Amino acid sequence: AQKLNRVLFRIDGCTGKDAVSIINKNDDFKGLIIPQYNGNIIFGANSLLSETSRAGLTVAKLGTKNVNGVIFYDSFTKKFVENKIMAMFNMTDEYAAGRNDDISGWDDIVSKGYTVIETNHPDMLVNYIEDTEDQLSHLVTLRDMCKAYLNGNYSSSSLDKFTRAYNKATLCIDNVSSRSEISQSYYELSSAYSELEPADKNEAVNKLSFT
């Protein structure tokens with residue numbers, strides 16, 4: 001029992017109800033079981049999340065054979081955050097929804113809201129995560145620099161574009177975001193910043209320079 005907190009148990013076919021049953025029989029497993037749902041029925045996916053939350057678990061595995069399955073819908077994946085559950089996706093089995101176990105597949109899955117990835121290429125995944133975190137750090141720096149320009153005296157069109165890009169960057173920072181989403185957000189905010197125009201055409205815009 002002293003070593004249980006070092007292990008997570010993902011049991012094939014373990015549903016949310018199964019996880020609750022295991023925990024009721026042995027409380028030492030609370031927080032350590034990973035229940036799962038493989039399918040494309042929203043009721044089944046919702047049941048997994050509700051049972052996982054009720055059991056006090058923090059990780060749930062989902063999978064489907066459908067490329068655009070219901071487990072990727074925004075209306076469903078936002079429930080991960082609401083229920084404080086980390087969503088796990090296995091890139092190595094038949095329920096990987098046609099995604100490859102590589103950077104493109106991981107990037108797509110993260111953009112759907114998944115925060116735990118099972119892979120056959122852990123070293124590559126670590127590099128992807130580190131690169132994503134590095135790009136996120138650059139986006140945070142840029143967003144913070146741009147804050148001072150939100151209420152400036154700029155043309156309405158350029159300020160609207162800049163404000164939208166700023167708000168998008170903030171959402172990207174505050175939520176789970178893929179490397180490509182972060183990169184795109186950085187590009188849009190830096191472009192909108194560089195294109196700010198003074199409301200009075202006779203005035204110059206004093207802006208910071210950055211890379």
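**Close-up 1. Secondary structure around the second largest pocket of this predicted model.** Both β4 (116-118) and α5 (122-146) supply at least two residues each to the lining of the second largest pocket, where helices (H or I, at least four residues) and strands (E, at least two) are DSSP runs numbered from the N terminus. With 6 residues, α5 gives the most to this lining. The model is predicted, so that local features need pLDDT of at least 70 and side-chain atom pairs count only at pLDDT 80 or more, while totals for chains, interfaces and linings use all residues. Residues are numbered from 1 along each chain as its sequence is written, and side-chain values use heavy atoms, with hydrogens and water left out.

**Close-up 2. Centre and composition of the second largest pocket.** The second largest pocket holds about 290 Å³ of space, a pocket being an open set of points on a 1 Å grid over the protein atoms alone, where a 1.4 Å probe fits, with protein on both sides within 12 Å along at least five of seven lines; the volume is the space filled by probe spheres set on the points, which are joined across faces, edges and corners. Of its 16 lining residues (an atom within 4 Å of a point), Val110, Tyr128, Ile129, Thr132 and Ser177 are the closest to the centre. The lining has 11 nonpolar, 4 polar and 1 charged residues, with Ala, Val, Leu, Ile, Met, Phe, Trp, Tyr, Cys and Pro counted as nonpolar, Asp, Glu, Lys and Arg as charged, and the others, Gly among them, as polar.

**Close-up 3. The largest pocket.** About 460 Å³ of space lies in the largest pocket, and Ser111, Lys112, Gly113, Asn175 and Val176 are the closest to its centre among the 21 residues that line it. The largest share of this lining, 5 residues, comes from α3.
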